[in-house]
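Thanks, everyone. Please have a look at the sequence and the structure before I start.

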Amino acid sequence: MPEITRRDPFKNFRFRVKFSGSTEYIAGISKVSGLKRSTEVIKHRDGGDPGSSRKLPGRTEYEPISLERGCTSDTVFEEWANRVWSLRNSAGGLETSLKDFRRDLIIDVFDEGGQVVLSYSVHDCWVSEYQGLPDLDANANGVAFEHIKLEHHGWVRERTNPPQLPQFSDTASG
């Protein structure tokens with residue numbers, strides 16, 4: 001077992017998201033909902049033991065994942081959502097692009113030195129909800145965000161190399 005030297009937990013604001021097989025990260029994602037799964041509990045009781053029940057694991061469900069980013073001219077969220085359903089294509093009977101509406105995602109978490117310390121693969125994601133533009137308010141002072149909600153078939157933590165602890169010397173104190 002490797003020696004664990006880090007005591008501090010990783011920060012939740014140093015992350016990036018990319019499509020599996022891509023080297024480029026999706027621009028500007030500022031929020032990713034948590035990865036959550038839950039397994040149903042099946043209770044059963046032996047016929048000769050009326051006073052207590054036993055529990056077994058049942059079906060496992062994965063919660064949808066939400067991604068949020070500031071609205072820009074980049075259309076990657078909209079293009080992906082349009083593969084599931086497009087108003088333009090629905091008139092011609094082509095409602096869903098069955099070939100490529102599902103995509104795998106990689107969520108990488110970085111340490112203070114910019115090294116990947118956690119990596120999760122999310123399998124067979126597809127867009128179940130797309131919000132291309134938020135409520136607009138001329139009296140507000142904020143950023144416009146677009147939002148997608150992703151259904152998927154589960155996630156797995158990938159192995160990452162232990163980060164090298166960065167070290168520097170302060171030349172101003174010498």
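I'll go through confidence, layout, the core, one residue pair and one pocket.

Keep in mind that this is a predicted model. The protein chain averages a pLDDT of 87. Of the residues, 84% score at least 70. Where is confidence lowest, and where is it highest? The low end is helix α2, residues 87–90, with a mean of 66. The high end is β8, at 97.

Next, the layout. The protein chain has two helices and nine strands. Starting at the N terminus, the order is β-β-β-β-β-α-α-β-β-β-β. So much for the order; now the contacts. Take those in the protein chain between residues at least 6 apart in sequence: 62% of them join residues at least 24 apart. And of the 174 residues, 23% are buried.

On to the core. In soluble globular proteins, nonpolar side chains tend to be buried together. Here, the largest nonpolar core has 25 residues. Which residues have the most contacts inside it? They are I26, L67, W80, L105 and L150. Several elements supply at least two core residues each: β1 (15–19), β5 (65–70), α1 (76–84), β6 (103–110), β7 (116–131) and β8 (145–151). The largest share, six residues, comes from β7.

Let's zoom in on I26. Set aside its neighbours within four places in sequence. I26 then touches V17, K18, F19, R69, V76, F77 and L105.

Pick V76 from that list. V76 sits in helix α1. Is V76 buried or exposed? The cut-off for buried is under 20% relative accessible area. V76 has 17%, so V76 counts as buried. Again leaving out neighbours within four places in sequence, V76 is in contact with F19, I26 and R69. V76 and I26 are 50 residues apart along the chain, yet their C-alpha atoms are separated by 8.0 Å. F19 and R69 also appear among the contacts of I26.

Last, a pocket. Rolling a probe the size of a water molecule over the atoms shows where empty space is left. I'll take the second largest pocket, with a volume of about 270 Å³. What lines this pocket? The lining is F10, K11, N12, F15, V32, S33, G34, L35, I107, V109, L118 and Y120. By type, that gives eight nonpolar residues, three polar and one charged. β6 and β7 each supply at least two residues of this lining. Both strands also each supply at least two residues of the core.

That's my tour. Over to you.

Technical notes
Residues are numbered from 1 along each chain as its sequence is written. This is a predicted model: local features need pLDDT of at least 70, side-chain atom pairs count only at pLDDT 80 or more; totals for chains, interfaces and linings use all residues. Side-chain values use heavy atoms; hydrogens and water are left out. A nonpolar core is a set of buried Ala, Val, Leu, Ile, Met, Phe, Trp, Tyr and Cys residues joined through side-chain atoms within 4.5 Å. Buried means under 20% relative accessible area, exposed over 50%, partly exposed in between (1.4 Å probe, protein chains only). Helices (H or I, at least four residues) and strands (E, at least two) are DSSP runs, numbered from the N terminus. Contact means heavy atoms within 4.5 Å. On a 1 Å grid over the protein atoms alone, a cavity is a set of points where a 1.4 Å probe fits but cannot get out, and a pocket is an open set with protein on both sides within 12 Å along at least five of seven lines; lining residues have an atom within 4 Å of a point. Grid points are joined across faces, edges and corners, and a volume is the space filled by probe spheres set on the points. Ala, Val, Leu, Ile, Met, Phe, Trp, Tyr, Cys and Pro count as nonpolar, Asp, Glu, Lys and Arg as charged, and the others, Gly among them, as polar. pLDDT is the predictor's confidence in each residue, from 0 to 100.
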